[in-house]
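Here is a short tour of one structure, with an eye on its charged pairs and its helix packing. Have the viewer open as you read.

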Amino acid sequence: MPEMTIQDLGSIGELIAAIATVITLVYLAFQINQNTRAVKASVLEQSGTRSMDLAKFVANDPELSRIVTTAMTHGAELKTDEKLRLQLVFMAAMRSYELTVAHKTAKYLDQRYYSGFGSNLGVWVGASYFSAWWENAQMNFSTELQDLVKEEMENPPDNPNFFIAQPTCKPVD
């Protein structure tokens, strides 16, 4: 068997180091992929939680529920204090949407989860009092959200107030 020189041992060491580097890079790529999936799942959960928290907040307060329902159809009938409460609900809803838009823009939220967002936004935009509020409030929001709201206002959904519509089907006996 031929004798190994220092140069041969160095070459073997370089080969082992190269293999270890490749293994490390594969492991890091796997970890980054896992982390990205975890971040996306967390963003999706946060978006859903914000939306549900607002819905629960309105649903658990009969007076606020009445105000929101009135705003959806007859916003002009609201009193000054009711308009203030409604404006705060609009602000909370739009901040939630703004974060969702930011997450979509940063590619933390997939299109398949984002697609229902527009019809949900249409509920708020379809409120009779919303456009007057938005005219004064829009400057406080990102241009991405402003563009989205503008698009929704120009192309409103067929039934923007679907959640306050009367059921059309009969109960099962």
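Which side chain meets that of Arg-95 in a salt bridge? Glu-98 does, with an N to O distance of 2.6 Å. Bear in mind throughout that this is a predicted model. The salt bridges come to four in total, and the bullets below cover three of them along with two helix pairs.

**The pair in helix H3**

- Arg-95 and Glu-98 lie three residues apart in helix H3, so about one helical turn separates them.
- Arg-95 is partly exposed at a relative accessible area of 33%, whereas Glu-98 is buried at 15%, because the cut-off for buried is under 20%.

**A network around Arg-66**

- Glu-63, Arg-66 and Glu-82 are joined into one network by salt bridges that share partners.
- On one side, the side chains of Glu-63 and Arg-66 meet at 2.7 Å, N to O.
- These two are three residues apart in helix H2 (residues 62–74), so they too sit about one helical turn from each other.
- On the other side, Arg-66 forms a salt bridge with Glu-82, whose closest N and O atoms are 2.1 Å apart.
- That second pair links distant parts of the chain, with Arg-66 in helix H2 and Glu-82 in helix H3, 16 residues apart.
- Glu-63 is partly exposed at 36% relative accessible area, and Arg-66 is partly exposed at 35%.
- Glu-82, in contrast, is buried, with a relative accessible area of 5%.
- Beyond its neighbours within four places in sequence, Glu-82 is in contact with Glu-63, Arg-66, Ile-67 and Glu-77.

**Helix H7 and its partners**

- Helices H3 (residues 80–105) and H7 (residues 143–154) pack at about 110° with their axes 9 Å apart, and are therefore roughly perpendicular to each other.
- On the H3 side the contact is made by Met-94, Tyr-97, Glu-98, Val-101 and Thr-105, and on the H7 side by Glu-144, Leu-145, Leu-148 and Val-149.
- By class, that contact has six nonpolar, one polar and two charged residues.
- The axes of H6 (residues 130–137) and H7 come within 12 Å and cross at roughly 155°, which means that H6 is roughly antiparallel to H7.
- The crossing of H6 and H7 is left-handed.
- H6 contributes Phe-130, Ser-131 and Trp-134 to the contact, while H7 contributes Leu-145, Gln-146, Val-149 and Met-153.
- Here the classes are five nonpolar, two polar and no charged residues.

Key:
Residues are numbered from 1 along each chain as its sequence is written. This is a predicted model: local features need pLDDT of at least 70, side-chain atom pairs count only at pLDDT 80 or more; totals for chains, interfaces and linings use all residues. Side-chain values use heavy atoms; hydrogens and water are left out. Helices (H or I, at least four residues) and strands (E, at least two) are DSSP runs, numbered from the N terminus. Contact means heavy atoms within 4.5 Å. Axes are lines fitted to C-alpha atoms, for helices over the stretch in contact, and angles run from 0 to 180 degrees between N-to-C directions. Angles under 35 degrees count as roughly parallel, over 145 as roughly antiparallel, 65 to 115 as roughly perpendicular and the rest as oblique. A crossing is left-handed if the near helix is turned anticlockwise from the far one by less than a right angle, and right-handed if clockwise. Ala, Val, Leu, Ile, Met, Phe, Trp, Tyr, Cys and Pro count as nonpolar, Asp, Glu, Lys and Arg as charged, and the others, Gly among them, as polar. Buried means under 20% relative accessible area, exposed over 50%, partly exposed in between (1.4 Å probe, protein chains only).
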